[in-house]
Structures are given as C-alpha cells and as structure tokens.
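Me: Could you take a close look at one part of this model for me, the loop with the unusual peptide bonds, and then walk me outward from there through its surroundings? I'd enjoy a connected account.

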Amino acid sequence: MNEGEFGFETRAIHAGQAPDASTGAVVTPIYQTSTYAQAEVGVHQGYEYSRTANPTRTALERCLASLEGASSGFAFASGMAAEDAVLRLLPKDSHVVIPDDAYGGTYRLVSKVFGPAGLQYSVADLTDPASLQAAWRPSTRLLWVESPTNPLLGVVDIAAVARFARERGARCVVDNTFATPYLQQPLALGADIVVHSTTKYLGGHSDVVGGFVAVNDVDVAAHIAYLQNAVGAVPGPLDCFLVLRGVKTLAVRMDRHCANAAAVVAMLERHPAVDNVRYPGLPTHPGHETADRQMRGFGGMVAFTVAGGEDAALELVSSTKLFTLAESLGAVESLIEHPARMTHLSVAGSALAVDPALVRLSVGIETADDLVDDLRRALDGI
Ligand SMILES: Cc1ncc(COP(=O)(O)O)c(C=O)c1O
C-alpha cells in the first residue's frame with residue numbers, strides 16, 4: 001500500500017499486513033519458525049533466522065513505524081529491552097538527562113545498569129527550561145523525555161526540548177507509551193527516537209509484554225537493527241501477532257479511554273476525599289495548553305492524591321471492585337495502583353520518589369458510569 005495516502009485507522013489495520021502471498025490469509029500468520037530454507041547458500045526469501053527477522057515481526061515493525069511516521073521500526077521483547085537498545089547507542093562516557101518523574105524502570109536501567117558501566121546521568125524537570133539547562137553538560141548525548149509522565153502526568157513541550165537537544169548536538173528520545181501514536185507523534189514534533197512499551201495501549205489487552213523503537217535517521221536505524229540482532233532481545237511471533245491484533249483497534253480504544261478518563265476526573269474533582277487530581281485534560285493542569293497543542297486527546301491515565309494520606313490511599317486501592325489492583329496500564333480493563341509501593345518502588349529514597357498518598361488509575365473502556373460509581377463508592381468508604 002502507498003501508506004502516505006491513508007489515514008491512521010486504515011494504516012493501523014493494513015500497514016505491513018498485505019494478505020499472505022502464499023495462501024491469501026487475510027490475517028498475518030504467526031510464523032512460528034526459527035529458521036528458513038535456503039535454495040542455495042545465501043539464496044533465500046529475505047529470512048534466514050528468526051532472531052534476525054521473522055515475517056510476523058516484520059509486519060508489526062512496518063505497521064508501528066507507519067503509525068509513528070517513522071521510516072524504520074524495531075520490535076523488542078519488552079519496553080525495557082527497547083530502552084536498553086536506545087541507551088546502547090551511546091558512546092562511552094556519555095551523559096544523559098532523564099526526567100525527574102521518569103518511569104521507575106527507566107531510572108533503574110540508567111542508574112543501576114548503565115551507570116556502573118560508565119554512563120553519567122542528571123535528573124531534570126523537563127517542564128522547566130532552567131532545570132534542563134542546569135542539568136545539561138558538554139558530554140550530554142541524549143535527552144530522555146516522557147510525556148505525559150508516569151506517574152504524575154506531567155506534560156513536556158516535546159518540540160521545545162527536542163530543539164534544545166538538537167541545537168546542542170544531542171538526540172531526543174520520547175517514551176510515547178502513555179500517549180500512543182494515535183494521540184501524539186513525537187517524530188513530527190522534532191524528536192529523533194520513539195520508544196514504547198507495547199505491553200500497554202498498543203497491545204491493549206494485558207496479554208503480552210513487548211517493546212518498540214521507531215526512528216527516521218538511517219544510521220540510527222542501522223545501529224538499532226544491529227543491536228536488535230546482536231543482543232537478541234526480540235519478541236516471539238505469537239507476541240508480535242498479539243500486538244498487531246491489538247493495534248487494529250487502537251484508535252477506537254483510545255477515544256473511549258479518553259472519554260472515560262474525563263468522566264472519572266469530573267467525579268474525582270468534586271469528591272471531598274480527593275486532594276489533587278492530575279490529568280492533562282484539566283484546564284488547571286500546568287501543562288494543559290501544551291498537551292492541547294501536541295496531543296489529539298488527553299489519554300486514559302489519571303493520578304490523584306488522597307486527602308487521608310498513605311493509609312487512605314492503600315485502603316482505597318484495595319476497595320474498588322471494577323478497578324483491579326494491579327501494575328501495568330493501557331488495557332481494556334481499568335486498573336488502580338499505589339505507585340510508591342508498586343510501580344515506583346525502585347525509585348524510593350531517590351530524587352524521583354513519589355508521594356505515598358498518590359494513586360494512579362489506568363481508566364479502561366468499560367461503561368463510564370460503572371467506573372465512576374465504583375470509584376465513588378470506594379472513596380466514600382475511606
Ligand atoms: C512509560 C513506560 N515506559 C516503559 C515501560 C517498560 O515497559 P515493559 O514493562 O514492557 O518492559 C513501562 C512499564 O510500565 C512504562 O510505563
């Protein structure tokens with residue numbers, strides 16, 4: 001297909017997924033094979049060994065690259081494996097700037113895995129140009145961006161910080177997991193690299209773990225392709241199939257996630273047991289104008305502090321019936337969690353530690369009234 005002609009929803013269903021040439025199968029098959037027959041040495045149909053390339057993975061990579069407006073895309077076994085590949089691009093003794101409310105796993109990877117191997121890092125509030133400037137060093141090669149951030153739903157002006165990095169000879173990578181390419185396209189805003197945990201909205205059904213990297217620069221693409229094969233943290237064909245299937249409904253799911261989150265936020269804003277609601281769609285959110293400019297909708301993630309502090313927050317997260325107490329996010333079912341003791345435990349005691357009164361919601365696509373009633377009942381009870 002000539003992808004430039006088609007809209008997002010069409011590409012989500014068809015890009016990289018022409019009917020199977022040998023059988024006509026409309027759905028890309030799960031090519032559950034590790035190796036491929038060669039007619040003579042080196043003569044094959046583009047596939048030699050499934051760590052290097054597999055047709056189900058190729059379909060997923062082409063589809064997601066198309067959705068991100070990228071020329072190349074690479075699927076990984078998890079979001080962390082995708083992040084690992086991006087950090088391995090850096091030359092020895094590089095410095096990286098990471099956001100002060102980065103996903104805990106990103107902070108752990110940078111500080112505990114790459115740090116001991118020589119990577120330097122500084123933490124900055126990317127919503128504040130002075131903080132970014134102060135964190136910058138002559139050796140800074142990479143600016144790591146999340147927007148909206150996990151778990152505080154901060155909004156970073158991607159075009160502005162990507163320009164800042166570019167002017168100083170560094171690359172800008174955006175973790176687009178929370179927004180998805182349906183709501184936000186970082187490469188079009190000037191970023192160099194996009195990473196995803198496809199475990200979340202792209203898969204969308206809490207049944208697969210995966211990651212993805214999208215780039216436009218051919219040299220960076222060649223380097224990531226090399227690392228993907230050399231390190232080997234690749235997803236199996238069934239996992240690629242599950243993400244491909246999830247992505248077909250991404251647009252309709254995201255519209256409903258956004259609408260349901262707005263309904264939940266409206267209730268939380270009025271509830272006396274709730275202190276401070278964080279949602280980029282709220283006009284009072286400090287990043288609201290930026291989010292409105294760079295996003296198509298405000299997403300399905302909501303965070304808030306509970307007036308009664310940590311004990312009340314812990315009681316709340318175990319009292320909802322529809323919102324399941326669980327880590328992760330971005331799937332059809334609604335989840336609730338306590339970041340300080342769950343997803344962000346790895347940053348406890350660091351500059352990135354989160355308020356123990358904070359609760360994070362991943363608002364699913366159930367009936368909005370049911371979700372609002374479930375949360376209201378649980379809040380009334382604490
Ligand atoms: C924003 C963000 N980035 C990256 C990751 C890591 O992804 P994975 O769990 O697929 O390794 C997560 C996981 O929660 C995340 O929330």
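Reply: Happy to. Let's start with P151, which sits in the loop between β4 and α6. Please keep in mind throughout that this is a predicted model. The peptide bond leading from N150 into P151 is cis, with omega near 10 degrees. The loop between β4 and α6 (158–167) is also the place of P148, and the bond from S147 to P148 is cis as well, its omega near -10 degrees.

Now step back from the loop to the strand before it. β4 covers residues 140–146 and pairs with β2 (residues 95–99) in the parallel sense, over three bridges. If you want a pair to look for on screen, V96 stands opposite L142 in β4. In general, the strands of a sheet pair through backbone hydrogen bonds, and they do so either parallel or antiparallel.

Both strands belong to an open sheet of seven, ordered β1-β7-β6-β5-β4-β2-β3, with mixed pairing. At its edges stand β1 (72–76) and β3 (120–124), each of which pairs on one side only. From one strand to the next, the twist averages 20 degrees.

The helix to follow next is α3, which packs on this sheet and touches β1, β4, β5 (171–175), β6 (193–197) and β7 (211–215). The direction of α3 makes about 155 degrees with that of β6. While you are there, have a look at the loop between α3 and β2, where D93 lies. D93 is not a glycine, yet its phi is positive, at about 65 degrees.

Helix α3 (residues 79–87) also takes us to the ligand: with three residues, α3 gives the most to the shell around it. That shell has 13 residues, and those that come nearest are G79, D175, S197, T199 and K200. By character, the shell divides into three nonpolar, seven polar and three charged residues.

Which atoms of G79, D175 and T199 lie beside the ligand? For G79, a backbone N or O atom lies 2.9 Å from an oxygen atom of the ligand. D175 brings a polar side-chain atom to 2.6 Å from a ligand nitrogen atom. In the side chain of T199, an N or O atom is 2.7 Å from an oxygen atom of the ligand. The ligand on its own has 390 Å² of accessible area, and the protein covers 89% of it.

There is a second sheet to visit before we finish. This open sheet has five strands in the order β8-β9-β12-β11-β10, and the pairing is mixed. β8 (274–278) and β10 (324–325) are the edge strands with a single partner each, so one side of each has no neighbour in the sheet. β8 and β9 (residues 301–306) run antiparallel and are joined by four bridges; in β9, T305 is the bridge partner of N276. A helix packs on this sheet too: α12 (residues 309–317) touches β9, β10, β11 (335–337) and β12 (358–362), and its direction makes about 135 degrees with that of β9.

To retrace the route: we began at P151 in the loop between β4 and α6, followed β4 to its parallel partner β2, and met α3 packing on the sheet. From there, α3 led us to the shell around the ligand.

How values were computed
Residues numbered from 1 in each chain as written. Predicted model: local features only at pLDDT ≥ 70, side-chain atom pairs only at ≥ 80, totals over all residues. Heavy atoms only, no water. Near = heavy atom within 4 Å. Polar contact = N/O pair within 3.5 Å; in protein donor to acceptor, adjacent residues only side chain to side chain. Areas by Shrake-Rupley, 256 points an atom, 1.4 Å probe, with all protein chains shown as cover. Helix = DSSP H or I, 4+ residues; strand = E, 2+ residues; numbered from the N terminus. Nonpolar A, V, L, I, M, F, W, Y, C, P; charged D, E, K, R; others polar. Pairing = 2+ DSSP bridges. Contact = heavy atoms within 4.5 Å. Axes fitted to C-alpha atoms, helices over the stretch in contact; angles between N-to-C directions.
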